[in-house]
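Trainee: Could you take me on a close look at one part of this model, the helices and the loops that join them? I would like to follow it residue by residue, and to learn how to tell what is covered from what is open.

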Amino acid sequence: MPDEPRVGLSLAILALLILIVGAPLAYPGFLQTHSGFLPVYHAQELAAGANPLTWTPHVGIDFDPWRSDGRAPYLLAAIAIHLGLTGTAAIRLVLAMALTLGAWGMYAWTRRRLNAPAALVAALAYAFLPITLSILYVRGAVGEAWIWALTPWLLWGVTAGPNGSRPGQIVAAVAAALLLWSQAGLAVFALILAALALLVTPGKRARTAIALAAGVVIGLLGLIPWLRTPGAGPNPTFDDHFLYLFQLLLPQWGYGVSRPGWQDTLSFQVGAIALGLALLTAYGWHVRKPKPERDRLLLLAGGAVLVTLVLTLGITAPLWRITGMRRLLTYPWQMSILAAPWLALLAGSAVELIPHLDARPRWAAIVGLVILASYPYLTPQYTQVEPKPAPVAILGENQIVLVNAEVTGEIQAGGTVTVTLTWQALKPMDLDYTVFIHIVDEGEQIRAQRDKQPQDGQRPTNAWAVGEVVVDPHPIPLPADLPAGRYHINLGMYDWRTGQRLRVGDTDFIRLEP
C-alpha cells in the first residue's frame, strides 16, 4: 500500500481508538481512584485565586517538591473551572488532554523512524499499556499522567533530525519545563533519557542541546518557590516497595494500593502484547540489514526499558541508597512509567522490521490484539458524589477526608436530627474507628449523642478501599426535655479500644452549625 493512504488510515484509526481508551473519562460520575477528590480540591484552590507561583498541593497530602504533583496540570484544571466546568469535570478534562497528547506524541515521535502502520501500533501500545490505564483509572495520578503525556513530545523534539529544527527545539524546551512542573522527581529521569536520545541522534545537536538545557533551566527556576517550602522528605517505606520480577509479568489487575511484599494487589504488569512485540523487534533487528540511525535508537530503547524496569527490583536497593535517588520518587516502581515510551517504540518497530507484518490483515490483527489485551482493564470504579470546592475536614494523618456533612431535621425537644456524613479513605486503615456525634449547647454540655461505626457497623473503616466514598447517615433522637436554645454539633472518629480520637487539624473534632 502506498505510504500516503496508510498515513491517513493510521491517523483515522488512532483518533477513533483514543476515544475507546478515554471513554471511561466521559462516563457519568467521577473516578473513584486512589487520589480520591484531592485533585479536585487542588484545582479548586488554584481557581479560587491562590498564587500559582507559590501555591503547593497540600490538602490531604504531605507535600514534597520532588514527589508531589506539580502545578502545570492543576493550572489547566483551574482555567477549565473559570470557564464554567465543575471541579470533577475539569480534572476529567485534564486527564483526557493528557491521554490525547501522549498518544499523538507517541505517534509523532515514532513516525519519524517508522512507517505509518508501525507508528500506529506504537501509539496504541502506549495508550493501552496496563501502566497507562493504572495511572488514569486506578491511581488517578494527575502529575504522572502528564509525565506520560509530555515524554513522547520531549523525545520528538530532541530527535528532530540531522540538524535539528526550530519547532523541535521549541517543543523540547517547552516539554522539559512542563515535565518539571508536572512531577519534578520523575521528570529528572525522563530528561536523562531524553539527553541520551539526543546523543544517539546523528548530525549537529548543539542547538537542540541548548534548547533542552534552556527548558530545564526554566523548569528549575519555576521550582524555586517550591524548593523553599519545607517538604515531607523521602518516603521512609521506599525500600519496602521494590518489586519481584514476576510482578512485572503477572497479568493480574487490581484496585488496591501498593503494599509491601509479593502479594501486592496493585498491578505492575508490563503488558504481554507489548513485550511480545518487543521480542519480535529484537529478532527482526537481528535479521535485517544494519541501519546505524535505526539501530542506535533501538539499542537505546532496549537499554532504557531494561534499566528502568531493573530499577524497580530489590536488587537495585543499594544503588538507590548510595545515589540518593530515593529522594525523587515515592515508590521505586514508578520507574516503569519511564519505560513505557521506549517499550512502545520497540513494540511498534516489530511491524516494520518483520517482513509483511505491515500488510493490512496482519497489521489489523496486531492492532486488535493490542486493544483486546487491555480492554478488560477499562473498568474504573465511580462515585456519583459531587464534592464541594474544599473538604469539610481531613482526619488523622491524612487518613480520611470528610467530603460533605448534611444536617436534616430541627434540633428541638422530642425530635430527630439526621447527620449524613460522606467519607473518603485516603490511606489504608487497620483500625475500625467509631464515629461520634455530639449535640452540645452553648456551654459545651452534651445533650444528645450517637457513637456508632459507619453505616451502623456495616462499613467499618478498616474495610474501606482507598478512594472509596462512603455515605454514612446517623439519625439522633433528641430528649423530650431538651431546652430551647442554640446548639452545635461536634463530630469525629476515635479508636473504640482506647478512646483516642483522630486529629482534625489542631483539634480532635469537627464543629457543624446546623
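**A walk along the helices and loops**

Mentor: Let's begin with Ala 47, which is buried, because its relative accessible area is 11% and buried means under 20%. Please keep in mind that this is a predicted model. Ala 47 belongs to helix H2, which covers residues 38–47. Now find Ala 78: in sequence it is 31 residues away from Ala 47, yet in space their C-alpha atoms are 4.5 Å apart. For a contrast, try Ala 184 and Arg 113, which are separated by 71 residues in sequence and by 29 Å from C-alpha to C-alpha. Ala 184 sits in helix H9, residues 184–200, and it counts as buried, with a relative accessibility of 1%.

Next, let's look at the surface. Six residues, Leu 76, Ile 79, Leu 83, Leu 85, Leu 93 and Met 97, make up a nonpolar patch there, and together they have about 520 Å² of accessible area. Two elements give two or more residues to this patch: helix H3 (72–82) and helix H4 (87–111). Leu 83 is in the loop between H3 and H4. Its relative accessible area is 73%, so Leu 83 is exposed, since exposed means over 50%. While you look at helices, here is a handy rule: an α-helix has 3.6 residues a turn, so residues three or four places apart point the same way.

Now for helix H7, residues 142–158. Its 17 residues reach 25 Å from the first C-alpha to the last, close to the expected 24 Å. Follow H7 along and you will find a bend of about 25 degrees at Leu 150, with a proline, Pro 152, coming within four residues after that. Of the 17 residues in H7, 16 are buried, so this helix is largely enclosed by the rest of the structure.

Helix H14 can be read with the same questions in mind. It runs over residues 335–353, and its 19 residues should span 27 Å at 1.5 Å a residue; the end C-alpha atoms are 28 Å apart, which agrees. H14 has a kink of about 30 degrees centred on Pro 341. This helix is mostly covered, with 18 of its 19 residues buried.

Step past H14 into the loop that leads to helix H15 (360–374), and you meet His 356. This residue is exposed, because its relative accessibility is 57%. His 356 is not a glycine, yet its phi is positive, near 70 degrees. Why is that worth a pause? Most residues other than glycine have a negative phi.

Gln 455 makes a good partner to His 356 here: it is not a glycine either, and its phi is positive, about 50 degrees. You will find Gln 455 in the loop between E7 and E8. With a relative accessible area of 29%, Gln 455 is partly exposed.

Let's finish in that loop, which joins strand E7 (446–452) to strand E8 (469–477) and also holds Glu 468. Is Glu 468 buried or exposed? It is buried, because its relative accessible area is 17%. The side chain of Glu 468 reaches the backbone nitrogen of Ala 465, at 2.9 Å.

Note on methods
Residues are numbered from 1 along each chain as its sequence is written. This is a predicted model: local features need pLDDT of at least 70, side-chain atom pairs count only at pLDDT 80 or more; totals for chains, interfaces and linings use all residues. Side-chain values use heavy atoms; hydrogens and water are left out. The expected span of a helix is 1.5 Å times one less than its number of residues. The bend at a residue is the angle between axes fitted to the seven residues ending there and the seven starting there. Buried means under 20% relative accessible area, exposed over 50%, partly exposed in between (1.4 Å probe, protein chains only). Patches are made of residues with over 30% relative accessible area and no salt bridge: like charges are joined within 9 Å, nonpolar side chains (Val, Leu, Ile, Met, Phe, Trp, Tyr) within 5 Å. Accessible areas come from the Shrake-Rupley method with a 1.4 Å probe; for residues, only the protein chains shown count as cover. A salt bridge is a side-chain nitrogen of Lys or Arg within 4 Å of a carboxyl oxygen of Asp or Glu. A polar contact is a pair of N or O atoms within 3.5 Å; within protein, one must be able to donate a hydrogen and the other to accept it, and residues adjacent in sequence count only if both atoms are side-chain atoms.
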